[in-house]
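Here are my notes on the model, set out as numbered points. Please read them with the structure open.

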Amino acid sequence: MINDFQLTKNFNLQEFECTHPEHHHVMIDAELVEKLQKLRERLGLPVIINSPYRCPERNIQVGGADDSYHMKGMAVDISLHNQILDIETIDNLAVKIGFRGIGLYDTFIHLDVRPGEVVKWDKRSG
């Protein structure tokens with residue numbers, strides 16, 4: 001596949017492809033990849049990307065925000081299923097690494113590199 005190459009030690013470009021079933025477009029911000037690699041190294045465990053870049057059609061399908069940073073290649077959602085640290089610890093680590101958009105959910109955490117100050121939200125059910 002054309003998108004099969006390593007961006008960093010632990011991340012392949014394919015991990016950032018849109019999950020739209022009809023194509024595999026990809027857009028990725030270099031700062032996002034750099035910060036994800038730092039997160040991966042500090043966690044000591046794989047960072048599993050649930051929701052990478054989204055084309056406009058895919059963003060509509062998943063109910064994403066009209067101005068979603070996923071559509072700019074500046075955001076990912078990562079799974080919490082394989083993590084041994086609690087979500088608050090990962091949240092604090094994400095802030096230290098420099099992520100500026102951090103959303104907490106029951107099964108994943110949203111991370112982005114939006115411009116400006118840190119914006120955080122908590123959409124967990126508990």
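**Notes on cysteines, rings and the main pocket**

1. Cys55 has a relative accessibility of 2%, so this residue counts as buried. Keep in mind that the model is predicted.

2. Cys18 is buried too, at 3% relative accessibility. How far from Cys18 is the nearest cysteine sulfur? That sulfur belongs to Cys55, and the distance is 3.6 Å. Cys18 takes part in no disulfide.

3. Seen from Cys55, the nearest cysteine sulfur is that of Cys18, again at 3.6 Å. A disulfide would need the two sulfur atoms within 2.5 Å. Cys55 is therefore in no disulfide. Searching the whole structure gives 0 disulfides.

4. The aromatic pair count is 2. One of the pairs joins Phe11 and Phe16. Their centres are 6.0 Å apart, with 55° between the planes. The pair is classed as tilted; stacked would need planes under 30 degrees apart, and edge-to-face over 60.

5. Are Phe11 and Phe16 buried or exposed? Phe11 has 1% relative accessibility and so counts as buried. Phe16 is at 0%, which means buried as well.

6. Tyr105 and Phe108 form an aromatic pair too. The ring centres are 4.3 Å apart. The planes meet at 10°, so this pair is stacked. Tyr105 has a relative accessible area of 22%. That makes Tyr105 partly exposed, because the buried class ends at 20%.

7. Which residue lies over the face of Tyr69? Lys72 does, at 4.6 Å from the ring centre. This is a charge over a ring, and the distance cut-off for that is 6 Å.

8. Now the largest pocket. The space in the largest pocket is about 270 Å³. Its lining is made up of 14 residues. Closest to the pocket centre are Ala65, Ser68, His70, His110 and Trp121.

9. Which element gives the most to this lining? Strand β4, spanning residues 108–112, does so with 3 residues.

10. How does the lining of the largest pocket divide by class? There are 5 nonpolar residues, 4 polar and 5 charged. Note the convention when reading these counts: Trp and Ala are among the nonpolar residues, and Asp, Glu, Lys and Arg are the charged ones.

Notes:
Residues numbered from 1 in each chain as written. Predicted model: local features only at pLDDT ≥ 70, side-chain atom pairs only at ≥ 80, totals over all residues. Heavy atoms only, no water. 1 Å grid on protein atoms, 1.4 Å probe; cavity = no way out; pocket = protein on both sides within 12 Å on 5 of 7 lines; lining within 4 Å. Points joined across faces, edges and corners; volume = space filled by probe spheres on them. Helix = DSSP H or I, 4+ residues; strand = E, 2+ residues; numbered from the N terminus. Phe/Tyr/Trp six-rings, centres within 6.5 Å; stacked < 30°, edge-to-face > 60°. Buried < 20%, exposed > 50% of the residue type's maximum accessible area, 1.4 Å probe, protein only. Lys NZ or Arg CZ within 6 Å of the ring centre and 35° of its normal.
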